[in-house]
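Me: Could you walk me through this structure with some questions and answers? I'm new to this, so please take it step by step.

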Amino acid sequence: MPKVKLPRKSTAVDMTAMCDVAFLLLSFFILATKTKPPEAVAVMTPSSVSTKIAKEEAILVTLTKEGKVYLMLGDKAKKEAILEDINTTKALGLTPTELSKLKKMEFIGMPFNKIKSMLQLSEPMEPKRMEGIPIGDSTKNELNDWIGSVVRSYRGESMENLNLLVKGDNAAKYPAFKFVKESFKKNDIFKFKIVTNPEGVPLNSELALNPPGGPAPAAEK
Amino acid sequence: MAEMDTSSGGGHKKGPGVKKSKKMSTRVDLTPMVDLGFLLITFFVFTTTMSTPTAMAMNEPKDDPNNQLKVKNSGAMTLLLGKDDQVYYYYGELSPTDASNQFKSSNFKDIRQLILDKKKATPIGDLMYIIKSDKEATFKNAIDILDEMAISAVPPGHYAEVDMSETEAQLIQMTEQANGIK
């Protein structure tokens with residue numbers, strides 16, 4: 001019987017196509033990634049199993065390692081109204097130019113009595129050098145007034161629109177956080193969110209075994 | 001005229017034994033390049049998903065002195081957060097005579113099992129975790145313990161943050177001294 005001769009094929013595959021795909025994907029990911037802007041105030045957030053994504057446009061209270069409190073008014077539409085409100089209610093006596101200067105600042109972190117002198121400086125102050133908004137027991141807590149102004153600017157709207165975030169450093173002390181919470185409570189805000197790093201749900205935990213929104217436990221008969 | 005002899009010496013002719021220079025293939029092995037490409041892709045994919053911050057919802061109760069929640073002694077577990085990532089806990093109410101025996105120390109690694117044991121041993125209607133933070137506790141501790149509640153799937157409304165009492169603060173201090181925590 002004549003043997004069928006199979007032609008011996010080379011095992012080398014042409015890699016060009018694969019290389020193209022790999023680099024196409026690579027360039028896509030590099031371009032699609034939003035580069036993180038360098039943070040003016042360094043904060044290492046704690047981690048949680050929460051999977052909700054923190055929104056960008058938010059009223060953000062930042063709590064640093066040293067216990068300083070900063071306020072960021074991320075909701076641009078409301079920023080002007082909030083700053084004008086705080087100017088009149090706390091009688092800061094800011095001129096319109098000073099107000100617009102303040103509006104350009106990302107972080108607010110000065111006691112009321114020092115805001116005007118800060119704005120009169122020729123160069124904008126670095127957030128790191130600010131003193132932070134004073135917090136403490138009732139009257140000393142200037143964050144109360146800030147949150148009050150924020151709430152007033154959202155008046156007439158559903159409170160769902162108010163996206164209040166707290167971003168705290170791991171090493172911040174608990175009392176500072178407590179004062180922040182108190183200033184929210186004073187203004188009748190009972191719902192807010194905490195910025196955290198995502199973290200995997202531990203295996204075999206209750207949450208991993210019965211994820212919320214998953215199959216509901218069998219109904220009673 | 002004198003002629004230079006170029007035929008001898010250094011120069012040698014191409015004889016029949018000398019090979020012609022071979023035409024090189026223009027194909028390059030792309031395997032390492034593909035490897036590198038995919039390595040970079042994996043790196044970027046991982047780093048991007050890690051950095052998106054998430055938000056943990058917090059719901060604070062309204063402080064109302066007329067409407068205090070009554071908690072059953074049998075269903076209550078109090079978790080106290082202290083210095084240096086320590087967690088202290090006791091069940092029910094602290095009795096003035098036996099407080100030091102009731103008061104136990106733990107840490108964030110072991111507390112999950114304790115929370116779970118309590119949850120399993122108690123009818124859900126009675127279950128209540130009371131969280132109290134010392135002034136030396138950190139923000140991380142406060143978030144971690146709330147996260148533990150989420151991990152152990154304690155339904156909302158069955159845990160609450162409460163201010164620490166003087167006795168408890170003293171007990172923590174005493175335990176810290178005994179355990180040598182600075």
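Here are a few questions about this predicted model, each with a short answer.

Me: What is the mean pLDDT of chain A, and which helix of chain A has the highest confidence?
Reply: Good place to start! The mean pLDDT of chain A is 76, and 90% of its residues reach 70 or more. Confidence is lowest in α7(A), at a mean of 73, while the highest, at 86, belongs to α1(A).

Me: Which stretch of chain A has a pLDDT below 50?
Reply: Where pLDDT is low, the predicted coordinates should not be read in detail. The stretch in question also has zero contacts in the model beyond near neighbours in sequence. In chain A, the pLDDT is below 50 over residues 214-221.

Me: Which element gives the most to the side of chain A that touches chain B?
Reply: Let's look at the two chains together: 49 residues of chain A are in contact with 39 residues of chain B. On the chain A side, α1, β5, α6, β6 and α7 each supply at least two residues. The one that gives the most, with nine residues, is α1(A).

Me: How many residues of the side of chain A that touches chain B are nonpolar?
Reply: We can split that side by residue type. Nine of its residues are charged and twelve are polar. The nonpolar ones number 28.

Me: In β1(B), what is the bridge partner of Val195(A)?
Reply: Strand β1 of chain B covers residues 54-59, and β6(A) pairs with it in the antiparallel sense over six bridges. In β1(B), the partner of Val195(A) is Ala55(B).

Me: Are Cys19(A), Ala22(A) and Leu26(A) in α1(A) buried or exposed?
Reply: An α-helix has 3.6 residues a turn, so residues three or four places apart point the same way. Cys19(A), Ala22(A) and Leu26(A) cover an arc of only 65° around the axis, which puts them on the same side of α1(A). On the other side, Ala17(A), Leu24(A), Phe28(A), Leu31(A) and Ala32(A) are exposed. Cys19(A), Ala22(A) and Leu26(A), in contrast, are buried.

Me: Why is α4(B) largely enclosed by the rest of the structure?
Reply: Helix α4 of chain B has 13 residues, numbered 139-151. Among those that are buried are Phe139(B), Ile143(B), Leu146(B) and Ile151(B), and charged ones such as Lys140(B) and Asp144(B) are on that list too. The helix is largely enclosed because the number of its 13 residues that are buried is twelve.

Me: Which residue just after α4(B) takes a positive phi?
Reply: Follow the chain just past the end of α4(B). The phi there is about 55°, and the residue is Ala153(B).

Conventions: Residues numbered from 1 in each chain as written. Chains lettered and ligands numbered in written order. Predicted model: local features only at pLDDT ≥ 70, side-chain atom pairs only at ≥ 80, totals over all residues. Contact = placed C-beta atoms within 7 Å. Helix = DSSP H or I, 4+ residues; strand = E, 2+ residues; numbered from the N terminus. Pairing = 2+ DSSP bridges. pLDDT = per-residue confidence, 0-100. Expected span 1.5 Å × (residues − 1). Buried ≥ 20, exposed ≤ 12 C-beta atoms within 10 Å, placed from the backbone. Arc of directions from axis to C-beta.
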